[in-house]
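Colleague: Could you pick one part of this model and take me through it closely? I'd like a single connected account, with whatever it touches along the way.

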Amino acid sequence: MSAAPDYVDPTVGWRCWLVAEIRGQPRLVSVVYHAVWEPGQELKAECLRWRPQLLRPWRRRPPDHGAPRGRCSCGVYAADSIERALVYLDPYLEHEPLRFPLLGRVLGRVSLWGRVVECERGWRGSHAYPEHIYVPTTGGDGKPVSHVEEIALGLTDYRVPVELVDGDDSYGALADALSLRLTGG
Amino acid sequence: MEIGKPKRSYIVEPAQRPVPEERPASPAPAREPVAPKKAKPV
């Protein structure tokens, strides 16, 4: 990194992860692009948007910039509020098929550093690592998450605080439970 | 994630790396050799 830093404290925001079974262990996976977050390793962003070539639009060219770039949409995402991130706990969100067995979905805070693009309602960063993981005991479909204690125990491999959060199937209740916990209420 | 339009960008170089280091396995505590108890004469 050649530019002088503007801050020495990481930017911390909210995001959701899928939890998948990878090599027999629960691991965090990005909801949209399914990047695997390995314990003890920061996730480094890369732009995945291949654009059509100008003269041969049927062919695509790789990105010509590092992530994140302000004018692109690349980078590791974090939202500025629990509510905005909670939308991604929805089990009915349609995405690419996951290559690994899906165990559940979790919410948490994430540290961003390196190059960070501040947006209207969150941030995109070049480097990221979980800062705190909250494991809902109830899924977005209202059913209890099976083996939730085992999932939480497995996620301690990330060596950040992992907590179970009770809440019903409504995101509002989960957000309230988390807010109460964070404010010490 | 819908986080809106970019406003500005900046560089963060954390004073402390946000990735927790692996805790080194603590060595087994050294134990003083204990002399075997002598059997009491019956």
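Modeller: Let's start from one residue pair: A:Val116 sits opposite B:Tyr10, which belongs to strand 1 of chain B. Keep in mind that we're looking at a predicted model. That pair takes us straight to the part I'd pick, strand 8 of chain A, since there's plenty to follow from there. Strand 8 of chain A runs antiparallel to strand 1 of chain B, residues 6–12, and 6 bridges hold the pairing together on paper. On the chain B side there isn't any other regular element to choose from: chain B comes to 0 helices and 1 strand.

Now step back to the whole contact between the chains. Chain A puts in 31 residues and chain B puts in 18. Strand 7 (76–79), strand 8 (102–119) and strand 9 (122–136) of chain A are the elements that give two or more residues to chain A's side of it. Strand 8 of chain A gives the most, with 8 residues. Sorted by class, chain A's side of the contact has 15 nonpolar, 7 polar and 9 charged residues.

For a closer look at the other partner, take B:Pro6, which lies in strand 1 of chain B. Setting aside neighbours within four places in sequence, B:Pro6 is in contact with A:Gly70, A:Val117 and A:Cys119. Buried or partly exposed, then, is B:Pro6? B:Pro6 is partly exposed, because 19 other C-beta atoms lie within 10 Å and a buried residue needs 20 or more. Follow chain B along to B:Glu22, 16 residues from B:Pro6 in sequence, and you've gone 35 Å in space, C-alpha to C-alpha. Of the 42 residues of chain B, 12% count as buried.

How far would I lean on that side? The mean pLDDT of chain B is 77, with 52% of its residues at 70 or more. For the complex, the predictor gives an ipTM of 0.82 and a pTM of 0.83.

Back to strand 8 of chain A, this time looking into its own chain. Of its 18 residues, 15 are buried, so strand 8 of chain A is largely enclosed by the rest of the structure. Within chain A, strand 8 pairs with strand 1 of chain A in the antiparallel sense over 10 bridges. If you want a landmark in that pairing, A:Arg15 has A:Gly108, in strand 8 of chain A, as its bridge partner. Strand 8 of chain A also pairs with strand 9 of chain A, again antiparallel, over 11 bridges. Here the landmark is A:Val110, whose bridge partner in strand 9 of chain A is A:Pro130. The link between strand 8 and strand 9 of chain A is a hairpin through 2 residues.

Next, the nonpolar core. The largest one has 47 residues, and those with the most contacts inside it are A:Cys16, A:Trp17, A:Val106, A:Leu112, A:Ile133 and A:Val135. Elements of chain A that each supply at least two residues include strand 1, strand 2, strand 9, helix 1 (82–86) and helix 3 (171–183). Strand 8 of chain A gives the most here too, with 9 residues. As a general point, nonpolar side chains in soluble globular proteins tend to be buried together. For a single view into the core, centre on A:Val106: leaving out residues up to four places away in sequence, A:Val106 touches A:Cys16, A:Trp17, A:Val19, A:Ile133, A:Tyr134 and A:Val135.

One more neighbour is worth a turn of the model. Helix 2 of chain A, residues 148–155, has A:Ile151, A:Ala152 and A:Leu155 as its buried residues. Looking down the axis of helix 2 of chain A, these buried residues fall within an arc of 95°, so they line one face of the helix. Strand 8 of chain A is part of what covers them, and the cover also includes strand 1 (11–22), strand 2 (25–30), strand 9 and strand 10 (162–165) of chain A. Flip to the face of helix 2 of chain A turned away from the buried side, and you'll find the exposed residues A:Glu149 and A:Glu150.

So that's the tour of strand 8 of chain A: antiparallel to strand 1 of chain B, and paired within its own chain to strand 1 and strand 9.

Technical notes
Residues numbered from 1 in each chain as written. Chains lettered and ligands numbered in written order. Predicted model: local features only at pLDDT ≥ 70, side-chain atom pairs only at ≥ 80, totals over all residues. Contact = placed C-beta atoms within 7 Å. Helix = DSSP H or I, 4+ residues; strand = E, 2+ residues; numbered from the N terminus. Nonpolar A, V, L, I, M, F, W, Y, C, P; charged D, E, K, R; others polar. Pairing = 2+ DSSP bridges. Arc of directions from axis to C-beta. pLDDT = per-residue confidence, 0-100. Core = buried A, V, L, I, M, F, W, Y, C linked by C-beta atoms within 7 Å.
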